[in-house]
Structures are given as structure tokens and as C-alpha cells.
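Colleague: Please put the model up, and I will ask about the ligand site before turning to the chain.

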Amino acid sequence: MIGEISMIDEKPAIEGGAPVRKEFLPVGRPLIGQEEKDEVIDTLNSDWISKGPKTKRFENDFKNYVGSKYAIAVSSCTAGLHIALTALGIKAGDEVITTPLTFVATGNAILYCGATPVLVDCKISDFNIDAALLEDKVTENTKSIIPVHFAGLPCDMEKIQKTAGKYNISVIEDAAHAIGAEYNGQKIGSIGDVSTFSFYATKNITTGDGGMITTDNEELAAKMEILSFFGISSDAWQRYSPAGKINYDMVELGYKYNMTDIQAAIGIHQLKKLDRFIETRKKYAEMLNKYLSEIPEIILQENKTNVRHGRHIYPIVLKTEVLKIDRKGFIDAMRAENIGCGIHFVALHKQYYYKKRFNFNDNDFPNASYISDRIVSLPLYPKMSENDIYDVVNAVKKIINHYRK
Ligand SMILES: *Cc1c(COP(=O)(O)O)cnc(C)c1O
């Protein structure tokens, strides 16, 4: 039924009832227009398809958008985190604080540098790192903090910056979810020492795969630019241009982490559409909030008044202790209704590798452990229609009504 919440008393499809919808609704999908396609063709018809003029244009557009002095396009957000940490001198023996409720990429980047990830539990209310617990975990080896703006909701940057300032610790924001988000009127990407963004297929804007690093620090920017391209001190594409220097010199041990002009061609047009994308995400998230907040068996992410939420994903936490099904049961039941769900994330301390290497215990991070076992991402993206949102609400209500204790 269009625009109506109407199926809540019916039998779930997984029990033999009729599904809420006929066509499968994936949990995430990119929205690519003709402008992106034309720009990619234009790039392919040009003489430069790797890092070149379009990457420079995308970097310029991006830094103007977030209001940072510098932007460096890279192959992924993970690569961005790695070279941000490297440029800040993070090395073996150093400790880097982050949240357990993140994608493995955040922790992995810390390990690439030989440093130790120190986890600070998140809050049940907004799923972000609990900034009040930060200071307790600071030691003389703490060199950096990586807050993750979960789902696009900015962390308590005031408290994080204050603690970082007190102990002379750098702040690298994992802004993979927070492209376009704002904190106290300031765009994410212009607050911490460095911020890293992701353009993976399902993120707020995409280049297929790709990332961006922003900073206001000239020295750091120059270092990260060099680290993103083998450690070589002048851009390859400049070497081949008439004005370019033929000679090159490797001054650092760098990586092959640059973006290509084919990716940047997509990014340039995605960025122009970002604010419209976020408005649609916001409208849909508010519809979901309105209907799902009536369900006592579900915890929603609490919003804040001093932020613009990036609305990258729509997480719900199932109070499985008052349900007859667990998280897998819920996801399977949603799938039978033809609605895809995701898990963002299985917490870092619960991953096999991290558990084995660092002896992490669930009791050390009670909130992240609780959330990690119960969190589900519902579909939320601009390619959806309002009817798709009603389908999601109908399916959730139908399943919860059927399986509540
Ligand atoms: C997606 C994601 C990343 C990694 O981004 P890539 O561009 O795929 O490297 C890092 N952190 C978080 C929180 C993410 O969701």
C-alpha cells in the first residue's frame, strides 16, 4: 500500500506470508548520472587517465567544499589513514586511540605503522566514541586519536580536541561516513589535524573506490602528497607536461596510493550532487525515525542539535533480549520480505585477528559489545523512493510485532 504503514499484523514472509515487496531492495546502491559518464569518456579520450588535471580539479573542489587549505586525493580512505599516520610520525611503540565500533580499516591503518590500537568504548546513545573516557586511556605513548563519525554523526569534537590539546596528541578524523557533515557549523574535514574520506561504492559520494585527505597544515600536506606517490617529490604528470621537471627524486619511503583521473572524473560530479544527496538521505532518515521510534524493541541513533548529520547509513540496534529472534534471524526475515540489511560493524575487538593478537575481552567494551551483536543497517540512499522507505518500515514493524516476547 503506497505511503501507508499497513502490513504490521500479517504473517512474516519467512513464515510463509506474502513479502512486503516483490523486488529485492539492496542495503546500498550508488547513484551515478550522465554527467559522471560523460566526464569519464572525456577522460578516456584525453592523453592522461592516471593522476592528472582532473584529480587536481577534484582536490580543489573538495577542499573548497569542506573549507580546508589542502586536499590530497588517494586510492582509498584506508590508504589515507595510513599515510596520515605515517606523515604524523606514528611508529612502532606508539599508541593510537580509536573506537571499537568501526570498520577494520581504521585499526588496520594503525597496525600498518607498527603502532598499537587502544580502544575506547562507544556510547549506547549515539554509537560514537565516549569522549569522557578518553583521558583515562592516554599514556606517554599515545600519539594520536582517530575518532570515527559513526553513520555520519560527528563525534564530540570539542571534548576530543580539548583532550588532544592537553596531551599534545594529534587528531585524525575517520570521516568515511561524514562527507558533508558539520559540527558547530563547521564542515567535517576542517576540524582535526587531518581528516580522511572514502568514496567506496556505497558511501555518500563515490568514485568506485577512492579517498581524500584534508588538512590545514602545509608541511603535513606536502608530506602526505609525497607519501601517496612512491615518496617521489614531484608529480609524474607534471614531469610529462611541457612545464614539468623531467628529473625526480625519492625522498621518503612512500606508497602507490594516488587517485586516477578516471576516478576523479566521477568524483567531480558526485561532489556537486552531495548536498542534494544528503537532503534526500535526511528526509528518508526522518521518516524512518518517525515510525521506528514507536518500537520499544529498537534503539535508534540519537541525533544532536549542533550538527549536520551525514546520514551515510541508518543503523538500528535490536534489543534481542526482548525478541524471540537474534540478529541473524531478523536479517533473514527482512531478506524474505525482499529487503537487504547490512552489519556496520562487527566491532574491532570481536574480530578474530584483533582478539587473538591483543587478547581483547568483550567486557572491556560493554557498549560496543552490546551494539556489535545487535546492530543492523537498514537501506538508506538517494536512489530509493519514499515507497521503498515505507516498505522498510512495514517489514521492520511486521517482523518485530511477530517476534516480540
Ligand atoms: C568504508 C570505511 C573505511 C574505509 O574506506 P575505504 O575507502 O574503503 O578504504 C574506513 N573507515 C570506515 C568507518 C568506513 O566505513
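Colleague: How many nonpolar, polar and charged residues are in the shell around the ligand?

Modeller: This is a predicted model, where local features need pLDDT of at least 70, side-chain atom pairs count only at pLDDT 80 or more, and totals for chains, interfaces and linings use all residues. Residues are numbered from 1 along each chain as its sequence is written, and side-chain values use heavy atoms, with hydrogens and water left out. Ala, Val, Leu, Ile, Met, Phe, Trp, Tyr, Cys and Pro count as nonpolar, Asp, Glu, Lys and Arg as charged, and the others, Gly among them, as polar. By these classes the shell has 6 nonpolar, 7 polar and 2 charged residues.

Colleague: Which residues come nearest to the ligand?

Modeller: A residue is near the ligand if one of its heavy atoms lies within 4 Å of it. There are 15 residues around the ligand, and those that come nearest are Thr78, Asp174, His177, Ser198 and Lys203.

Colleague: What is the distance from the side chain of Ser198 to an oxygen atom of the ligand?

Modeller: A polar contact is a pair of N or O atoms within 3.5 Å. A polar side-chain atom of Asp174 is 2.8 Å from a ligand nitrogen atom, and a backbone N or O atom of Cys77 is 2.9 Å from a ligand oxygen atom. For the side-chain N or O atom of Ser198 and a ligand oxygen atom, the distance is 2.7 Å.

Colleague: Which elements give two or more residues to the shell around the ligand?

Modeller: Helices (H or I, at least four residues) and strands (E, at least two) are DSSP runs, numbered from the N terminus. Two or more shell residues come from each of helix H3 (77-87) and helix H4 (104-112).

Colleague: Why is the chain said to be as compact as a globular protein of its length?

Modeller: The chain has 12 helices and 13 strands. The globule rule is 2.2 Å times the number of residues to the power 0.38, and the radius of gyration is taken over C-alpha atoms. For 405 residues the rule gives 22 Å, and the chain is as compact as a globular protein of that length because its radius of gyration is close to this, at 22 Å.

Colleague: Where is the residue that follows His344 through a cis peptide bond?

Modeller: Most peptide bonds are trans. The bond from His344 to Phe345 is cis, with omega near 5°. Phe345 is in the loop between helix H9 (327-336) and helix H10 (352-358).

Note on methods:
Polar contact = N/O pair within 3.5 Å; in protein donor to acceptor, adjacent residues only side chain to side chain.
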